[in-house]
Amino acid sequence: MRHPLFKRALVGLLGVNLALWGSLAWLLNRQPTTAATIAPVPQPSTVHAPIPALRTALNGPARLPTGPLIVETFATWCKYCATTARWSDAADAAWAHHHHLAFVMTDVSPLGGTGHAAAAPTLTSIATTAYDGARLPLHTPAAEASAVRAFQATYHLALPIDFWVGGHLPQDWRIHSIPTFLLLNRQHQIIGSLAGYHTSQQFRAWAQTHLDAARH
């Protein structure tokens with residue numbers, strides 16, 4: 001009989017593999033589910049925010065703030081995004097602002113519904129208490145804006161939120177899973193990314209490594 005510790009290690013390894021396959025599913029099916037925090041990868045791409053493709057939660061034209069900033073890409077229906085919104089976003093934004101970084105949330109999915117956040121900010125709690133929203137197609141910018149506002153109200157977010165109309169974000173954003181955080185420098189070049197669900201401590205450790213580069 002195998003030792004119980006071996007069994008637990010095997011189950012844990014299978015769980016990590018499933019989380020990474022969930023990230024790949026979004027690329028293939030436009031239905032992302034991500035759980036694991038992935039190491040930051042430097043990305044020299046320049047972020048573009050064309051008008052009217054990027055819209056505010058009130059369905060008006062949106063522009064990314066000037067200067068260095070963090071963009072959180074998410075989907076309203078995603079349970080990992082909902083859990084991040086409930087447990088981490090306010091603290092992450094406060095940390096960013098304290099370090100003179102703007103913080104913006106951007107919906108990148110053309111599907112609606114509000115995900116149900118986990119009862120605690122852990123992957124175990126997400127697996128047992130969180131679930132995705134309806135993932136219904138949103139056919140107009142007005143419907144997408146309404147979905148964003150509903151998400152914002154559900155999680156009491158006093159943060160700037162915008163969305164890409166129809167989910168048609170620039171390819172050079174290189175979003176492979178959600179949520180994904182992009183750190184932009186003053187020239188709005190992507191200098192780092194953090195993919196998957198994270199804790200506030202993991203977010204800060206990641207962002208801290210890019211602060212000097214972001215300010216120049």
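## A first look at this predicted chain

The chain folds into 7 helices and 8 strands. Keep in mind that this is a predicted model, so let's start with how confident the predictor is, since pLDDT is its confidence in each residue. The mean pLDDT of the chain is 83, with 80% of the residues at 70 or more. One stretch to treat with care is residues 9-41, where the pLDDT is below 50. In the model, that stretch still has 60 contacts beyond near neighbours in sequence.

Now for the chain as a whole. It has 216 residues, and 49% of them are buried. Of the contacts with a separation of 6 or more, 75% are between residues 24 or more positions apart. The accessible surface is about 10400 Å², and carbon and sulfur atoms account for 63% of that.

### Two cysteines without a bond

How many disulfides does the chain have? The count is 0. A disulfide is a covalent bond between the sulfur atoms of two cysteines. To count here, a pair of cysteine sulfur atoms has to be within 2.5 Å. The closest cysteine sulfur to that of Cys78 belongs to Cys81, and at 3.0 Å it is too far for a bond. Seen from the other side, Cys81 is in no disulfide either, and its nearest cysteine sulfur is that of Cys78.

Are these two residues buried or exposed? Here is how they come out, with under 20% relative accessible area counting as buried:

| Residue | Relative accessible area | Status |
|---|---|---|
| Cys78 | 1% | buried |
| Cys81 | 0% | buried |

### Aromatic rings

Searching the whole structure turns up 8 aromatic pairs. One of them joins Phe103 and Phe203, which meet edge-to-face, with 6.3 Å from centre to centre and 70° between the planes. Which parts of the chain does this pair link? Phe103 is in strand S3 (residues 102-107) and Phe203 is in helix H6 (residues 200-208), so the pair ties together distant parts of the chain, 100 residues apart. Both Phe103 and Phe203 are buried.

These two rings also have company: Phe103 and Phe203 belong to one aromatic cluster with Trp95, Phe181 and Trp206.

There is one more ring to look for. What lies over the face of Trp77? That is Arg135, at 5.1 Å from the ring centre.

Notes: Residues numbered from 1 in each chain as written. Predicted model: local features only at pLDDT ≥ 70, side-chain atom pairs only at ≥ 80, totals over all residues. Heavy atoms only, no water. Buried < 20%, exposed > 50% of the residue type's maximum accessible area, 1.4 Å probe, protein only. Phe/Tyr/Trp six-rings, centres within 6.5 Å; stacked < 30°, edge-to-face > 60°. Helix = DSSP H or I, 4+ residues; strand = E, 2+ residues; numbered from the N terminus. Lys NZ or Arg CZ within 6 Å of the ring centre and 35° of its normal. pLDDT = per-residue confidence, 0-100. Contact = heavy atoms within 4.5 Å. Areas by Shrake-Rupley, 256 points an atom, 1.4 Å probe, with all protein chains shown as cover.
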